[in-house]
Protein chains: 4
Amino acid sequence: MPMTAAEIEAFIRAQFPQAEGFGNIEAIAHDSLQMRLPFKDAYLRPGGTLSGPTLMSLADTATYYLLLAKLGPVALAVTTSLTMHFLRRPAARDAIAVARLLKLGKRIAVCDVLITVDGDDAPVAHATVSYALPPGTVVP
Amino acid sequence: MPMTAAEIEAFIRAQFPQAEGFGNIEAIAHDSLQMRLPFKDAYLRPGGTLSGPTLMSLADTATYYLLLAKLGPVALAVTTSLTMHFLRRPAARDAIAVARLLKLGKRIAVCDVLITVDGDDAPVAHATVSYALPPGTVVP
Amino acid sequence: MPMTAAEIEAFIRAQFPQAEGFGNIEAIAHDSLQMRLPFKDAYLRPGGTLSGPTLMSLADTATYYLLLAKLGPVALAVTTSLTMHFLRRPAARDAIAVARLLKLGKRIAVCDVLITVDGDDAPVAHATVSYALPPGTVVP
Amino acid sequence: MPMTAAEIEAFIRAQFPQAEGFGNIEAIAHDSLQMRLPFKDAYLRPGGTLSGPTLMSLADTATYYLLLAKLGPVALAVTTSLTMHFLRRPAARDAIAVARLLKLGKRIAVCDVLITVDGDDAPVAHATVSYALPPGTVVP
C-alpha cells in the first residue's frame with residue numbers, strides 16, 4: 001500500500017492543520033480501512049444520539065483515508081456524492097467505520113461504509129461515497 | 001400552514017436549546033421553504049470552501065423545517081436517508097437552501113433541496129432527504 | 001443547443017438500432033428536457049402500476065437526451081449512479097419526465113428528473129442521475 | 001427463516017403470474033440472499049453489456065426475496081428508494097446478486113446489494129434499496 005496509517009494521519013495534519021477529531025485509523029487491509037471516531041459531547045444531537053452530520057463526515061473521511069492508502073497523497077480528490085441511510089439511533093459512544101473499496105478507476109472511486117458504535121455490532125448507518133480523482137491519477 | 005417561520009424557530013429553540021446556527025427561514029410557500037445559513041469560519045474546509053457536512057446538515061435542516069411548516073410540531077420525525085451530490089466548490093459565503101416537498105405520506109416524507117451561495121445562482125449541491133414520520137401523524 | 005429533438009432521436013435510432021420505446025422528446029429548454037413514454041402493457045407490474053425499472057430507465061434516458069442536447073453526439077457517456085425515490089403508485093398511463101441539468105462539468109454531469117403520469121401533477125418518482133463524460137468532452 | 005427458496009419462488013409465481021426471468025435463488029443465509037439472473041439477449045444494451053435497468057431490477061428483486069425469506073409472504077411491501085452505482089461494464093453473462101440486510105424495522109427495511117457477473121469477482125454494480133413494510137408487519 002502506498003501509505004501507512006501513520007503516513008496518512010501525518011499527511012492530514014499537514015494538509016488540514018486546523019482539523020482535529022477526524023478519527024483514528026485502526027486497520028488497513030487490501031481494499032478496506034477501519035477507523036474510530038472517539039466520542040465527544042459535541043457530536044451529540046438532542047436525545048443523546050450521534051448526529052447525522054457526524055456520521056456523514058465520518059463516512060466521507062473513512063473513504064478519503066482509504067483512497068490515500070491506495071493511491072498515496074492525492075490532495076485534490078473531491079467528494080462528488082454521498083448517500084447515507086440511517087439505520088438505528090447511534091448511542092453516545094465511539095463510532096467505528098469500515099470503508100470498503102468498490103471501484104478505483106482513473107477518474108472515479110466508489111466506496112461503501114458501514115458504521116457501528118463501540119460494543120454493538122448492529123449497523124447504525126450505511127453510506128455510499130463517490131470521489132472524483134484528479135486527472136493524471138495513477139491507479140495501482 | 002400549521003406553523004409560521006417564527007413558530008418553527010421558537011419550537012427549535014425550545015426542543016434543541018444547545019443548538020445554534022441552524023440558519024434562518026427566509027420564506028415558506030405551499031410546498032417549499034427557503035432558508036439561509038449565515039457564513040461562519042467554522043463551516044470552512046481547507047481551500048476556503050464550505051464543508052460537505054455543513055451542506056448536508058443544512059439540507060437536512062431545511063427538510064425538517066418544511067415538514068414542521070406542513071405538519072406542525074412533530075418532534076419525533078427522523079431522517080432515514082440523505083443523498084447529496086456536490087456540484088461546485090461553494091464559496092465562503094452564506095448558503096441558501098430551497099427545500100421542495102415531493103411526497104408527504106402518513107409514514108414517509110421526501111424532499112429535494114437545492115443549495116446555492118449568496119450572490120451566485122449556480123447550485124453548489126443537491127440533496128434528496130427522506131424522513132420517517134411517527135405513527136399517528138396527521139397529514140393535511 | 002448543439003442537437004435538436006429530431007437530431008437526438010435520429011442519433012439514438014442510428015446508435016441503438018434494436019432500441020424502441022425510449023420515449024419521445026416533447027420540449028428542450030436551456031437546461032431542461034421533457035419527454036413522454038407512451039404507455040405499453042409491458043411496463044406494468046402486478047397491481048396495474050408502472051414498474052420501477054420502467055421509471056428508472058425513463059429517468060436515465062431523459063438525462064442522456066438532455067446531455068446530447070447540450071453536448072452534441074456523445075456516444076460514450078455512461079451512467080455512473082442513479083438514485084430514485086418512488087413517491088406514489090404510478091397509474092397505467094403515459095409517463096412524463098422532466099430532466100433538469102444541475103451540473104455539466106468536463107468529467108461529470110448531474111441531472112435530477114421528476115416523473116409524473118399523464119393528467120396528474122403529483123410526482124410519482126424523483127431521480128438524481130450522474131454521468132461520466134468521455135475525456136476531451138467540450139462543454140459549452 | 002419463515003420462507004425457503006422454493007416457497008419464495010412459488011409465492012412469486014402465484015402473485016406475479018405474468019412474471020418470468022426474475023432469477024433464481026442460490027442461497028439464503030441469516031441476513032443475506034444470493035440469486036442468479038440467467039443471461040438473456042434481451043438484457044443487453046448496445047456495446048454488449050447488461051443494461052442498467054436489468055441490474056436495477058435484479059437489485060430490487062434480490063432485496064424483495066430477502067425480505068420474504070425473513071418476514072414470510074408480505075405482498076404489500078413496496079420499494080421506496082433505490083440508489084445504484086455502476087462500477088464496471090458488465091459482461092454478457094449471468095448476473096449474480098448478493099443482498100445483505102442492513103435494517104429490518106417495523107416500517108422500513110434497508111438492504112445493500114452487490115452484483116457481479118459469472119466468473120469475475122469484481123463488482124459491476126452496488127445498490128442500496130429501501131422498502132416500506134405494511135402496517136402490522138411482524139418482524140422476527
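So, strand 2 of chain B and strand 6 of chain B, residues 95-104, are joined by 6 bridges and run antiparallel. I'm calling strands paired when DSSP finds at least two bridges between them, and helices (H or I, at least four residues) and strands (E, at least two) are DSSP runs, numbered from the N terminus. One spot to look at here is B:R36, whose bridge partner in strand 6 of chain B is B:I96.

Before I go on, a word on what we're looking at. This is a predicted model, where local features need pLDDT of at least 70, side-chain atom pairs count only at pLDDT 80 or more, and totals for chains, interfaces and linings use all residues. Residues are numbered from 1 along each chain as its sequence is written, while chains are lettered from A and ligands numbered from 1 in the order in which they are written.

Okay, back to strand 2 of chain B. What pairs with it through 4 bridges? That's strand 1 of chain B, residues 24-28, again antiparallel. A hairpin with 3 residues in between links strand 1 of chain B to strand 2 of chain B. In that pair, B:N24 sits opposite B:R36.

Strand 2 of chain B, residues 32-37, also has two faces: B:L33, B:M35 and B:L37 are on the covered one, and B:S32, B:Q34 and B:R36 are on the uncovered one.

Now let's zoom out to a whole chain, and take chain A. There are 2 helices and 8 strands in chain A, and along the sequence they go α-β-β-β-β-α-β-β-β-β. The C-alpha atoms of chain A fit a box of roughly 45 × 30 × 25 Å along the principal axes. For 140 residues, a compact globule would have a radius of gyration near 14 Å, and chain A agrees, with 14 Å. That radius is taken over C-alpha atoms, and the globule rule is 2.2 Å times the number of residues to the power 0.38.

How much of chain A counts as buried? It's 49% of the 140 residues. Buried means 20 or more other C-beta atoms within 10 Å of the residue's own, exposed means 12 or fewer, and partly exposed is in between, with C-beta atoms placed from the backbone.

Next, how the chains meet. A turn of 180° with a shift of 0.0 Å along the axis lays chain A on chain B, with an RMSD of 0.0 Å. So the two copies are related as by a two-fold rotation axis. The superposition is by least squares on the C-alpha atoms of residues with pLDDT of at least 70 in both. In chain A, the residue that comes closest to the axis is A:T83, at 2.0 Å by C-alpha.

Across that interface, 16 residues of chain A are in contact with 16 residues of chain B. Contact means C-beta atoms, placed from the backbone, within 7 Å. Which element gives the largest share of chain A's side? Strand 5 of chain A does, with 8 residues. Strand 5 of chain A and strand 5 of chain B, residues 78-86, run antiparallel with 5 bridges, and A:M84 stands opposite B:L82 there.

Last one: chain D against chain A. Here 12 residues of chain D are in contact with 12 residues of chain A, and strand 8 of chain D supplies the largest share of chain D's side, 4 residues. Since 100% of the interface residues of chain D are also interface residues in chain A, the copies meet through the same surface.

Key: Contact = placed C-beta atoms within 7 Å.
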